[in-house]
Amino acid sequence: MTKPLTLAAYETAAQLTDQHRLRNPGLSFPLLGLFGETGSLLSEVKKKQRDPVAYLGYEPSVLEELGDVLWYLVAIATRAGLPLTDLGINLDRGLSDWQHQAKTELTFAVLEGREPTLGTGPSQAFEQTSLRLAAEVGLLLTDFRAGRLDRNQSTLKGRLIAVFRALRDAAHDAGISLEQAAKANLVKINDRWPSDRDHPSLFDANFPKHEQLPRHLVVTLEERVFDGKTVAQISCDGVRIGDPLTDNRADDDDYRFHDVFHLAYAAHLGWSPTLRRLLKAKRKSDPAIDEVQDGARAVLIEEGIATWIFNYAQRLALFDGIDALDYGLLKSVRQFVQGYEAERCPLWLWEEAILNGYEVFRAVCAHRGGQVRIDLDQRKIWFVSQ
C-alpha cells in the first residue's frame with residue numbers, strides 16, 4: 001500500500017527545485033507563477049467546454065496544472081516563512097483560532113477528508129471553484145501590489161489560506177485528490193530538476209558488442225562542394241558513412257551539419273536509431289527490438305525531433321548563452337518518442353543532450369567542419385578541432 005504523502009514531505013521536495021529562491025528570494029517570482037498556472041488551469045476548463053469530444057487530454061492536464069499551482073503556493077509560503085503544514089492544519093480555521101504547533105505528519109488525505117468523484121469533464125462545481133481560486137489569487141496579487149503584505153504576516157496568512165482552501169476544493173470538484181496532484185508534481189519535478197542526476201543504463205548494455213553503439217567515437221565532418229552544391233560529409237577512421245547532406249531548403253542555415261545532433265543523442269541518451277543505421281549497429285539478435293526500436297519509423301521520429309528542435313533553436317540564436325530549456329519543449333520531445341525506448345529518458349537528460357549538441361553544432365558551423373568526439377561512458381560530446 002502506498003504511504004500517504006505528508007505536506008511536510010512535499011514541501012521539502014518542492015523547495016529543492018525552486019531554482020530562483022536563493023538569487024531572487026522575494027515573492028514576485030512565485031506570485032507571477034501562481035497567477036500563470038491558475039490561468040492555465042482555467043484554460044483547460046475552457047478547452048473542454050469548447051470541444052468536449054475532441055479534447056481528450058483534460059484529466060492529465062488538470063492534474064498537472066493543479067500540481068503546478070500547489071508548487072507555487074509552497075514557494076510563496078516558504079519565502080514568507082510559513083510552513084505548508086501550518087497552513088494545512090489551519091485551513092478550516094479563522095486567524096483568531098490559529099494553531100501555532102502544527103502536526104508535521106499531516107497528510108494530504110487527512111487534509112481533504114473526503115474522496116473525490118472522478119468525472120469526464122469540468123462540472124459546474126469545478127468551474128465555480130476554479131473561478132474562486134482565480135479570484136483568491138487575484139486578491140493575493142492585489143494586496144502584494146498595494147504593499148499590504150509587507151511585514152504583515154496576518155494578511156498574508158489569510159490570503160494563502162484562502163488560496164489553499166480554494167485549491168483543495170477545486171481539486172475535489174475536478175475529481176482529483178490534492179494528494180494525486182502533489183504526487184504527480186513530484187514525479188514531474190524529479191524528471192526535470194532531480195536532486196541527484198543518475199544516468200540510466202544504456203539501452204544496448206546487454207547486447208553483443210557489435211550491436212552496441214560505440215562507447216567512444218571520433219567523427220570528422222567536412223564541408224565540400226559536390227555536384228555544384230555545398231554539402232557536409234561525415235566519416236569515421238577515414239571511412240565515409242552516410243550520404244553527403246545539403247540543407248534541403250532554399251536558405252543556407254547549416255542544417256547539413258545536423259548529424260551532430262544524432263551524435264549528441266547517442267552520447268547522452270544512448271539512443272540514436274539514425275546512428276545505429278549508419279554504423280550498422282542495429283540489434284538484430286532481438287527481432288522485435290530491431291524492427292521497432294531500430295527500424296525506419298524510429299529513424300524518422302529521430303529526424304523529426306532534430307528538425308523540429310532546430311526550427312525552434314533558430315529563433316533563439318541556436319541556444320547560444322542559454323543554460324536551460326523551456327519545459328514545454330522538453331515535454332513535446334517526450335511526446336515525440338512515446339512508445340519507444342527513448343521515452344524512458346528523463347527530461348533533464350534530454351536537456352543535456354540538446355544543449356550540449358547545440359554547443360558542438362555551433363563550433364562545427366564556426367569552423368566549417370572539424371572533429372567531434374563522443375563518450376557514452378561519460379555521457380558527453382565535444383568539439384575537438386578543424
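A residue counts as buried here when its relative accessible area is under 20%. Keep that cut-off in mind as you move through this predicted model.

**Stop 1: strand β2 and its partners**

Select residues 229-236, which make up strand β2. Six of these eight residues are buried, so the strand is largely enclosed by the rest of the structure.

Now add residues 216-226, strand β1. β1 and β2 run antiparallel and are joined by seven bridges. To see the register, pick Glu 223 in β1 and look across to Ala 232 in β2, which stands opposite. The two strands form a hairpin with two residues between them. Click on Asp 227 in that turn, and you will find a positive phi of about 55°.

Next, bring in strand β3, residues 239-245. β3 pairs with β2 over four bridges, in the antiparallel sense. Here the pair to pick is Ser 235 and Arg 240, the latter in β3, which stand opposite each other. The β2 and β3 hairpin has two residues between its strands, and Asp 237 takes a positive phi near 55°.

As you turn the strands around, remember that in a regular strand the side chains alternate between the two faces of the sheet.

**Stop 2: two more positive phi angles**

Most residues other than glycine have a negative phi. Two loop residues are worth a look with that in mind.

Select Asp 254, in the loop between β3 and α9. Asp 254 is not a glycine, yet its phi is positive, at about 70°. Its relative accessibility is 16%, so Asp 254 counts as buried.

Then go to Leu 318, in the loop between α12 (296-314) and α13 (327-336). Leu 318 is also no glycine and has a positive phi of about 55°. Leu 318 counts as buried because its relative accessibility is 19%.

**Stop 3: helix α8 and the loop after it**

Select α8, residues 178-192. With 15 residues at 1.5 Å a residue, α8 should span 21 Å; its end C-alpha atoms are 21 Å apart, which agrees. Colour its buried residues, among them Leu 178, Ala 181, Ala 182, Asn 185, Leu 186 and Ile 189. The buried set also includes charged residues such as Glu 179, Lys 188, Asp 191 and Arg 192. While you look down the helix, recall that an α-helix has 3.6 residues a turn, so residues three or four places apart point the same way.

Move on into the loop between α8 and β1 and select Arg 197. Is Arg 197 buried, partly exposed or exposed? Arg 197 has 36% relative accessibility, so it counts as partly exposed. Leaving out residues up to four places away in sequence, Arg 197 touches Arg 192, Trp 348 and Glu 352. With Glu 352 there is also a polar contact between the side chains, at 3.5 Å. For a sense of scale, set a distance from Arg 197 to Glu 65: the C-alpha atoms are 25 Å apart, with these positions 132 residues apart in sequence.

**Stop 4: Ala 266 and Asp 375**

Select Ala 266 in helix α9, residues 259-269. Its relative accessibility is 0%, so Ala 266 counts as buried. Beyond its neighbours within four places in sequence, Ala 266 is in contact with Leu 213, Trp 271, Ser 272, Leu 275, Ile 374 and Leu 376.

From Ala 266, jump 109 residues along the chain to Asp 375, where the C-alpha to C-alpha separation is 9.0 Å. Asp 375 belongs to strand β4, residues 369-375. Which side chain of opposite charge is nearest to Asp 375? That is Lys 380, 5.7 Å away, and this buried Asp has no salt bridge. The Asp 375 side chain does reach the backbone nitrogen of Gln 378, at 3.0 Å. Its contacts include Arg 215, His 216, Ala 267 and Trp 382.

**Stop 5: Arg 379**

Finish in the loop between β4 and β5 (380-383), where you will find Arg 379. Arg 379 is buried and has no salt bridge; Asp 377, the nearest side chain of opposite charge, is 7.1 Å away. Show polar contacts from the Arg 379 side chain to two backbone oxygens: that of His 268 at 3.0 Å, and that of Leu 376 at 3.2 Å. Among the residues Arg 379 touches are His 199, Pro 200, Ser 201, Leu 202 and Leu 349.

Conventions. Residues are numbered from 1 along each chain as its sequence is written. This is a predicted model: local features need pLDDT of at least 70, side-chain atom pairs count only at pLDDT 80 or more; totals for chains, interfaces and linings use all residues. Side-chain values use heavy atoms; hydrogens and water are left out. Buried means under 20% relative accessible area, exposed over 50%, partly exposed in between (1.4 Å probe, protein chains only). Two strands pair if DSSP finds at least two bridges between them. A salt bridge is a side-chain nitrogen of Lys or Arg within 4 Å of a carboxyl oxygen of Asp or Glu. A polar contact is a pair of N or O atoms within 3.5 Å; within protein, one must be able to donate a hydrogen and the other to accept it, and residues adjacent in sequence count only if both atoms are side-chain atoms. Contact means heavy atoms within 4.5 Å. The expected span of a helix is 1.5 Å times one less than its number of residues.
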